[in-house]
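Student: I'm new to this structure and would like a close look at just one part. Please pick the sheet together with whatever packs and links onto it, and walk me through slowly.

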Amino acid sequence: NIPRLGIFNKHSSILPNYAGVFPVFWQMLNGEKEMGITVHQMNEKIDEGSILHCKKYSMDLNRSFDRNYEVIINNTSEVLIEAFDRLSSGNYLLTSNEEGSYYGFPKKSDIQAFRKKGLKII
């Protein structure tokens, strides 16, 4: 009973980079200038399904992790509507989501490095 068009997920990065958990944290730690929201098909691997839609936003390293993530939260509905409008119109192209980067849960040393750079969680 697989859905006709597949199952889709929203991820808080510009895939294929920053797959995994806490992508906004990792993007800030690595000094990225952009962050984003990607809607992709789900497959057997985490955050590796084909990309349907992606929208980019400016990353402000002077804002806390919490404030940067708020940008993602506040724009998710709009991005999902855009993605599913594409699906319902039939006017879409799924793009490959290969050869990116994957990040797991931050370790204590990662959080220390985050703070050492002057970045804030809250």
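Tutor: Let's settle some words before we start: a residue counts as buried when its relative accessible area is under 20% and as exposed when that value is over 50%, with partly exposed in between. Keep in mind, too, that you're looking at a predicted model.

Take Glu70 as a trial run: its relative accessibility is 32%, so Glu70 counts as partly exposed. For contrast, try Lys116, which sits in helix 3, residues 108–116. Lys116 has a relative accessible area of 77%, so it is exposed.

Now to the sheet. Three strands make it up, and it is an open sheet that runs in the order 1-3-4 with antiparallel pairing. Strand 1 (8–11) and strand 4 (51–58) are the edge strands; each has a single partner strand, so one side of each has no neighbour in the sheet. Ignoring direction, neighbouring strands here are turned by 10 degrees against each other on average. What holds such strands side by side? In general, the strands of a sheet pair through backbone hydrogen bonds, in either a parallel or an antiparallel way.

Let's follow strand 3, residues 34–41, starting with its pairing to strand 1. The two run antiparallel and are joined over four bridges. You can find one place to look at Asn9, which stands opposite His40 of strand 3. Another is His11, whose bridge partner in strand 3 is Thr38.

Next comes helix 2 (residues 65–89), which packs on this sheet and touches strand 1, strand 3 and strand 4; the direction of helix 2 makes about 145 degrees with that of strand 4.

Back in strand 3, look the other way, towards strand 4: this pair is also antiparallel, with seven bridges. Glu34 gives you a landmark there, standing opposite Ser58 in strand 4. Is strand 3 mostly covered or mostly open? Mostly covered: six of its eight residues are buried.

What else ties strand 4 to helix 2? Here the side chains come in. Searching the whole structure turns up three salt bridges. In one of them, the side chains of Lys55 and Glu78 meet at 2.8 Å, N to O. That contact joins distant parts of the chain, since Lys55 belongs to strand 4 and Glu78 to helix 2, 23 residues apart. Another salt bridge brings Lys55 together with Glu82, at 3.1 Å, N to O. This pair, too, links distant parts of the chain: Lys55 in strand 4 and Glu82 in helix 2, 27 residues apart.

How open are these three side chains? Lys55 has a relative accessible area of 25%, so it is partly exposed. Glu78, at 37%, is partly exposed. Glu82, at 24%, also counts as partly exposed.

There is one more salt bridge to find, between Glu70 and Arg67, at 3.0 Å, N to O. Arg67, with a relative accessible area of 44%, is partly exposed. Both Glu70 and Arg67 lie in helix 2, three residues apart, or about one turn of the helix. Lys55, Glu78 and Glu82, on the other hand, are joined into one network by salt bridges that share partners.

So, for your own tour, begin with strand 3 and its mostly covered residues, then move to strand 4 and look for Lys55 meeting Glu78 and Glu82.

Definitions and conventions. Residues are numbered from 1 along each chain as its sequence is written. This is a predicted model: local features need pLDDT of at least 70, side-chain atom pairs count only at pLDDT 80 or more; totals for chains, interfaces and linings use all residues. Side-chain values use heavy atoms; hydrogens and water are left out. Buried means under 20% relative accessible area, exposed over 50%, partly exposed in between (1.4 Å probe, protein chains only). Two strands pair if DSSP finds at least two bridges between them. Axes are lines fitted to C-alpha atoms, for helices over the stretch in contact, and angles run from 0 to 180 degrees between N-to-C directions. Contact means heavy atoms within 4.5 Å. A salt bridge is a side-chain nitrogen of Lys or Arg within 4 Å of a carboxyl oxygen of Asp or Glu.
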